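Colleague: I'd like a close look at one part of this model, the place where two of the chains meet. Could you walk me through it once it's on the screen?

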Amino acid sequence: MTELSKSGAAVGEPATASPASTAFLEVRDLKVHFPTDDGLVKSVDGLSFQLEKGKTLGIVGESGSGKSVTSLGILGLHTAGQYGKRKAQISGEIWLNGTELLSADPDHVRKLRGRDMAMIFQDPLSALHPYYTIGQQIVEAYRIHHNVDKKTARKRAIEMLDRVGIPQPDKRVDSYPHEFSGGMRQRAMIAMALVNNPELLIADEPTTALDVTVQAQILDLIRDLQKEFGSAVIVITHDLGVVAELADDILVMYGGRCVERGPAEKVFYEPRHPYTWGLLGSMPRLDREQQERLIPVKGSPPSLINVPSGCAFNPRCPYADVPKDNVTRTVRPELTEVGSRHWAACHMTQEQRERIWTEEIAPKL
Amino acid sequence: MTTQRTSGRRKQAMAAAAVVAALLTTAACGGGKDSDGSKNGAAGFDAANNKVAQASLAKKGGTLRFGGAQDADSWDTTRGYYGFAWNFMRYYSRQLVTNKTEPGKEGAKLTPDLATGLAKVSDGGKTYTYTLRDGITWEDGKPITSKDIKYGIERVWAQDVLSGGPTYLKDFLDPDGKYQGPYKDKAADHLGLKAIDTPDDKTIVFHLPKANADFEEVLALTSASPVRQDQDTKSKYSLHPFSSGPYKFESYNPGKDLTLVRNTNWKQSSDPVRKAYPDKITIKFFSNANDLDQRLINGDIDLDINQTGMSPQGRTAALKQHKANLDNPVSGYIRYAVFPQSVKPFDNIHCRNAVIYGADHVSLQTARGGPVAGGDIGTNMLPPSVPGSEGQKYDPFELAGANKTGNAAKAKEELKACGQPNGFKTTIAVRNNKPVEVATAQSLQASLKKIGITADIDQYDGSQTTGIIGSPSNVKKKGYGVIIMGWGPDFPTVQGFGLPLWDSKYILQSGNNNYALIKDKAIDGLFNDYVNTLDEAKKTQIATQINHKVMEGGYYLPFVFEKFINWRGDRLANVYTTDAYSGQYDFVNLGLKSAK
Amino acid sequence: MLAYLIRRLFAAVVMLVVIILVVFSIFFLVPKWAGVDIATSFVGKQADPAAVQAVREKLGLGDPIYIQVWDFFKGIFAGRTYAAGGDVTHCAAPCFGYSFRSEQAVWPVLTDRFPVTLGLALGAAVLWLVFGVAAGVLSALKRGSLWDRSAMVVALAGVSLPIYFTGLLSLAIFAFGLKWIDAQYVPLGQSFTGWLGGMILPWVTLAFLYAAMYARITRATMLEVLGEDYIRTARAKGLREQTVIGKHAMRSTMTPILTMLGMDLGALIGGAILTETTFSLPGLGQAVLNAIRNQDLPIILGVTLITSLAVLLANLVVDVLYAVIDPRVRLA
C-alpha cells in the first residue's frame, strides 16, 4: 500500500472522502497491483467507469490488459483466500448500489457475492468442482443466500437448469460436470450464477472455450436473461465481435488502463484510439475478406512491471510520431472527451484522428 | 545364503542403538539409592554368586515376575533343552531325584525328590531301585505312581512326535532303540519298555544294559519327570503340562506370557526340596532386549528368565548405577575355536598348535566382553562347574600366562614342524546371529595374520547351525578349518559336557558335535572307564585325565571360561547361583521380601 | 461395479496362491541350495538320523512342495488331519496348521495377534491423519511463514529418522526417564487405560513418521488445489472461507491422501515388525519375526497370508473409495 501513496492516489481512504456514487455500479480510479519478486505488477492502474441496471458494458482488451483482474476486483476475490502469498494492493473505490465495497467489511462483501453480483467463468469444466453434481453446486450457491431446505433449493436448481435450456433438467441435475458437453456446462454455470437473481452479472470470456455455434446460443441466452432479470451485465472479452451485439457501452483496456470508452455504436463507428482501430481491424467479419486486414496490432502486450513511459501503446502504435516533440514517449495521455459520453486517451489531435480514421482506416475495414 | 555381510541398514541400526544406549545410561539413574545388604534394597555385588543372599527375608506369598527375550524351546518336560527351561520346570514337575537347592558346587549334587532316597544300585551298577514317597500327588489330587514315572520316561522314545529334548535316557536304557515309544506301544497299558520295572505303585527299578556312572544324573533331568497317560496331549503337551510340583499352569501364550499359580494339591510335607514361597509366578516375553533390561532396572520385573546376562547397553547402565543388584557368576560355558581334522592342514597337530599359540588370548577375551562380562581366559576344555576341573591351574599352552597375547615365535616353530613355514589359508566359520562370536572371529583373524595364516570369515545362518557345521561333509566341502562355538554341560559331569564333543562314537553325519572329529582310543577308553566307575573321587580323576588328553591333542583353542552379568531384583530373597544350571539363579526356591 | 469386484477378487486369490508358493519355495529351496537340512534344527543336540527323519516326516517336510501347498490350502477350507508317530490330531477348518516350535494351532495365534497389529495401525493412522493433514493444511494456508518452514523441517526429520531410533528414544525418555507412562502392552479387553498406556508410544512413534509424509503430501496437494478454478468459483458464490477450504478444497486434497492411507495401512498390517519389536507388542510382526528366526513355517505362512490379504483388501477398498470420491473414475 505504501508504494501506492507515492503516486498520490487515494489509498484506503474512507468512502466518505469522496461523494457517494449514485450510479448502480461505479468504479473510481481502481488500482490493482501485485508485488512479485521481479517488481510491482500494475495489472489495473487507475480505471473508472459506471454502469446502470439493465445495461451491458463490454470490456475489451488483449490477455493481460487487466480485464479479468478488474472483474475479480469488483467481486472482492483478490483479498479473499490469498494465503501466504504477497497480498494484492488495491485502491480506488467500487460503488455498488450506494455501498463502497473496498472499504466495506469483507464478510459483507462475501454476502453480496453470489447474491447481488455473480460471475460466469471462462472455462466451465475447470470452474465447476469435479466431485459434486451440477445440482449440488447450484443448490449450494442458492442456500448460502436463502434460508431454504434442500428440497426447495433443488427445485429451484431444476427450474434454473430448465430456464437456461438444459433438456431433462430433473435428470441432468444429478449429473457431474464431466458428463455434460461444453455448451451445457456453460449453461449450467450461467444457471448457477443467476440462481440468486443477481443485479450485477460479470461474464468473463463466457464463450471463449466454446465452438462458434454454441457461442451464439450462449450470447443469446445471456441477452435474454438480462432482459428478463433486468440485471447489469459486464461482458469481458478479447473479441469485439462478442460485445458488438451485446453491449450498450464498450471499454477498451490496454496495459491496465482504459484507452477508450463510450457507447457501443460510437466505439464501433467512430473509434478515436489507434488501439481500437487495431482491434477492429483484426476482428473477423463475414462481410470482409480476410486478406484485406489492414491494421493488425503488431508486437506484444506491454510489460506491466515496466510500463513504457509516455503512452503505453507507443511502441506498437503506427502513429506514434504524429504528435510533436516526442510527446508519446514522455507524457502519458489522459482520457479526454471526444464526443458525447465518449472518451479516448491519445496525444493526436481530434482532427488528426478523425482524418486517419476516415481516410486510412475505415475504408479498409 | 550362508555368508552375510553387515548391511547398511544394520549399521544404521547399530549406530542408532549406540546413541540410545548412551541416553539410556543417563536416563536410567532413577532409583540409585542402593545400600548394600539393606533389608529392602539390593544385597550387594556378587552377593548371590555361589552363596545365598537374603535367605531369611523370604516371605510366603506375592507374585514373582520373570521377564525374558526368548521363550523356552518347549515347556514339555520331555522336549525342553534350554537350561533355563529345565530350571523353571522344577516349579511344576518333580523327578525321582533332583539337584540340591543349594548354592554353587553343592547345587550340582543330587538329593531325593519323589523317591525316599538316592538309588539303591546293584548288579555292578546296572540296576537302580527307588521307592516313592507318600503323599506325592498330581495337580488333580491323584497320587503319582511309579507307572506315571515310567510313562514319562518312555515319552523320550517318541522322538518322532516329541523331538527336541535330551535323549540320554534312551541312550542309556535302550541304546539299540528296540522300544518304539509309548505311542506305538502295542501293550494295553503302553508301558512296554523292558528296561523299567514297576512291581508296585511305590517301586521303580531300572535295568541298564551297560553300567553308566552318570545314570542318576540323567534321572535328575526333567525328561525323567512323571507324565500321566490320561493327561498326555502328546505334541500339545508343551502348551499345558500337567503339574506334579507346587505350581501349575494357569495360562500360557507362546512368545507372550506364562502364568503359574499354586497347585493346591501339592503338599509341602511330601516335598523336601521345594519351598514354594510366591503365590504366583509370571513370565512376560519382550522382543526388545533393551526394553527388558530397562524394566529389570526399573523394578517392573524381578529377574531374567533366560539367565544369559544383560545386553551390553543394560549392563553398562547397571554396572554404573546399580552394582549391588548384580552377580557375576561363571556360566559353565566354555567359548572356543575348534579345528576339524578333515580340513587340511588341520589334520596335522602342529598346524593346530600354531593357531593356539599364535592367537592373542587377551584380545579374544576382550572380544567376548572382557574379564567381567566375558569371563576369565580359558586355558583348558573342562568348565569350572564340572568335577575334575582344575580351572586356570591347568594351562598347558600357557594361554593365561606367558603366551597371553600370543606367541608368534612358538607359532612359527609349529608351522615349520607342520610343513607350512610360510603359513596357509583357511576359513573361520561363525554364526551370523551372535555379534560377540563374530567379534572373536575377527580378533582371531587379526592375530593369525601376524603368523602368516590368512583366514576368511564365513558368517553362516546361525539358526541353521546344526545343519551347517553339524554335517562333517559340509564342513569339509566348505573348508571350515576353524569353527567358533561354545558348549555347556547338560549335567555337571565330564560325560554331560564332553562325551558328544570328544568320543569317536559321537561323530555323526548330521547333528554332529564332535566337530574336531576326534578319534582317540585313549579318550574313548577313559570315557568307558568313567561310566563304569561308581566312586566319586575316581570319577573326578578320570574327568581330569580326559581334559588333559583333549588339550594334548590340540583340537581346541579355548577363549574364556564364560562369566555373565545377571540382574537380581530388589524384591528377591533367598537368591543364589547354582552349578546345576550353569551359574543361573536357582529358580525353584526364590522368594519375595514382601507378599505384596 | 460388481463384475469389477469379482474380477479383482479373483486376481487377489491368484495373487495369494502365488505368494504362498513363493514363501514355500523360499522356505524349502533356499536351505537346500545352502546344503542345510531344516529338520536338524528341530531335534535335540544328540539326536540320531532316525529321529531327524521322523521329525522331517512329522513336519511334512518330506513331501514335494506342490503336495505341501495343496495340503495347506485344503487345510484352510476343509481342515486336515495330522498323524505322526501315533499322534493323531484333527485340525478343523480354517486350519493353518500347527507351529513347528510351540505346537499351538496357527489360526488362534493369528486371531490373537491380529487385533494388536490392527489396533497399532489404526490408532497410529488416526493420529497421523489428524496431525499430518492438519499440519499440511496449515502449512499450505500459511505458506512461507515461520510455522510452515518449521513444520516442514520437522516433517523432513520425521521422514528420515528410522523408527527404531525414534522408538527407543521415546521409550528412553517417556517410559524410563520421565516415567510418565508404563509402555507395556495390556490387552484392550483387560483394561482400557492400560491398553492406551501401552499403545500411546508406539502410536506416536509410528504416527510421527507417517504424519511427516502426510503433512508434506497434504501441503503440496492443497497448494495445487487452491489454485484451481473451481475454488475461485466457490468463493464467487459467496461461500465462507472455511467452507471453501473445509469442503471444496479438502475433498480434492483427500483423494491422494486416501490412496496413500489404504496402501500404508495394508503395508503396516504386514510390516509393523520394527515398531512391534521395539515396543514388545505381541502383534503379527513380532510373531513373524520370531517365526523366521525359528524356521516356524506354519506361522510364517499364516502371517504372510493374513497380511497379503490385508494389503490386497486395502488396495481394493482404496480403488472403490476412489471411485466414490471422484465421480470421473468409473470402475469397469
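How many residues does the contact take from chain C, and how many from chain B?

Modeller: Keep in mind that this is a predicted model. On the chain C side the contact takes 48 residues, and chain B puts in 50 residues. Several helices of chain C share the work: α1, α2 (49-58), α6 (163-177), α10 (273-278) and α11 (284-294) each supply at least two residues of the side that touches chain B. Of the helices, α6(C) gives the most to that side, with nine residues. As for chemistry, the side of chain C that touches chain B divides into 25 nonpolar, 16 polar and seven charged residues.

It helps to know how chain C itself is laid out. The domain assignment gives domain 1 (2-82) and domain 2 (106-331) of chain C, and the centres of these two domains, taken over C-alpha atoms, are 33 Å apart. They do touch: 12 residues of domain 1 of chain C are in contact with 11 residues of domain 2 of chain C. Here helix α1 (residues 2-33) of chain C gives the most to the domain 1 side, with nine residues. That helix has come up already, as α1 of chain C is also among those supplying at least two residues of the side that touches chain B. The side of domain 1 of chain C that touches domain 2 of chain C divides into 10 nonpolar residues, one polar and one charged.

Definitions and conventions:
Residues are numbered from 1 along each chain as its sequence is written. Chains are lettered from A and ligands numbered from 1 in the order in which they are written. This is a predicted model: local features need pLDDT of at least 70, side-chain atom pairs count only at pLDDT 80 or more; totals for chains, interfaces and linings use all residues. Domain bounds come from an automatic or database domain assignment. Two residues are in contact if their C-beta atoms, placed from the backbone, lie within 7 Å. Helices (H or I, at least four residues) and strands (E, at least two) are DSSP runs, numbered from the N terminus. Ala, Val, Leu, Ile, Met, Phe, Trp, Tyr, Cys and Pro count as nonpolar, Asp, Glu, Lys and Arg as charged, and the others, Gly among them, as polar.
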